[in-house]
Structure formats: structure tokens, C-alpha cells
Amino acid sequence: QVVMSERLHYLFVCYANMDRSPTAEAVCTKIARENNLDIEASSAGVSDQADRPVTKEMADLADKIFVMEPDMVTEMVEAYGQNPAKVICLDIPDIYWQNDPKLVATLEQKLYEYLAREGLL
């Protein structure tokens, strides 16, 4: 059992922060709780009209930023000054509603794969 000294902050970003990123935040929170991981998840959107628009400060505070589409990687790097190594594209198109079972299943699969790859699971 590896004891993590610091809580990890994961920021999930989609366009409007209405469907994909809030669902990802909930899925990540659930996975962290079920696996006893010290991860704090939050979500935001790149649109000015987003329920919770992403800010540079928000992005700076995140250990990892999970974006839904490839062009959002560029946006996080160029518009928010983030290190590309910190931005992970989940490649999930904007075709789902919040908490859509298919979206939840896709996010669970991708997050479990990521956490396993990082040696957290």
C-alpha cells in the first residue's frame, strides 16, 4: 500500500460543463471512494457560457486535466498556459446526456485504465 502524501486534483473539462465533465467528476469521485484513493475531482467548461467556466487558476491547481476532445488539449495549453504532459484527452464526443449509462461506462473504463497505468490501482 503506497501512502500518498498529497491529495491529487483532477479537473475534467468539456465544452459547456453540463453533461460530460460533471458526469466524469462524479465517476472519478466514486472510483476514488471505492478504491480508497485521495483524489479530488472537479469539472468546468471551456465555453464562456459554461455552467462553471474554466479559469487559469483552476487549471493551475489541477494535477491532471482531463479534456473530452483533442482540440481542448490545445486550448488548455495555449489559452490557459498548461503543460501538455498534464492534459489527457479522453476522446469522448458531445453526444451524451449527463449520467448517460453509456457515458458512465466509457468514463469508468478510461479512468480505470488511466489510474492503473499511473500505478494508482
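This passage describes strand E3 with its neighbours, and then the salt bridges, in a predicted model.

Strand E3, which spans residues 64-67, is covered on both of its faces. In a regular strand the side chains alternate between the two faces of the sheet. In E3, Lys64 and Phe66 lie on one side, while Ile65 and Val67 lie on the other, and all of these residues are buried.

Strand E3 is paired with strand E1 (residues 8-14), to which it runs parallel and is joined by four bridges. Within this pairing, Val67 of E3 is the bridge partner of Val13. Strand E3 also runs parallel to strand E4 (residues 87-89), and here three bridges join the two strands. In this second pairing, Ile65 stands opposite Val87 of E4. The two residues named in E3, Val67 and Ile65, are on the side of the strand that faces away from Lys64 and Phe66. The connection from E3 to E4 involves helix H3 (residues 70-78), and the three elements together make a right-handed β-α-β unit.

Turning to charged side chains, the model contains seven salt bridges. One of them is formed by Glu40 and Arg7, whose closest N and O atoms are 3.2 Å apart. This pair links distant parts of the chain, since Glu40 belongs to strand E2 (residues 39-45) and Arg7 to the segment before E1, with their positions 33 residues apart. Glu40 is partly exposed, with a relative accessible area of 36%, and Arg7 is likewise partly exposed, at 41% relative accessibility.

A further salt bridge brings together the side chains of Arg20 and Glu69, at 2.8 Å from N to O. This pair, too, links distant parts of the chain, with Arg20 in helix H1 (residues 20-34) and Glu69 in the loop between E3 and H3, 49 residues apart. The two partners differ in their surroundings: Arg20 is buried, with a relative accessible area of 1%, whereas Glu69 is partly exposed, with a value of 24%. Because a residue counts as buried under 20% relative accessible area, Arg20 at 1% falls into that class, while Glu69 at 24% does not.

Arg20 also takes part in a salt bridge with Asp94, in which the closest N and O atoms are 3.8 Å apart. Here the partners are 74 residues apart, with Asp94 placed in the loop between E4 and helix H4 (101-117) and Arg20 in helix H1. Elsewhere, salt bridges that share partners join Arg7, Asp38 and Glu40 into one network.

Terms used. Residues are numbered from 1 along each chain as its sequence is written. This is a predicted model: local features need pLDDT of at least 70, side-chain atom pairs count only at pLDDT 80 or more; totals for chains, interfaces and linings use all residues. Side-chain values use heavy atoms; hydrogens and water are left out. Buried means under 20% relative accessible area, exposed over 50%, partly exposed in between (1.4 Å probe, protein chains only). Two strands pair if DSSP finds at least two bridges between them. A crossover is right-handed if, with the strands pointing away from the viewer, the path from the first strand over the helix to the second runs clockwise. A salt bridge is a side-chain nitrogen of Lys or Arg within 4 Å of a carboxyl oxygen of Asp or Glu.
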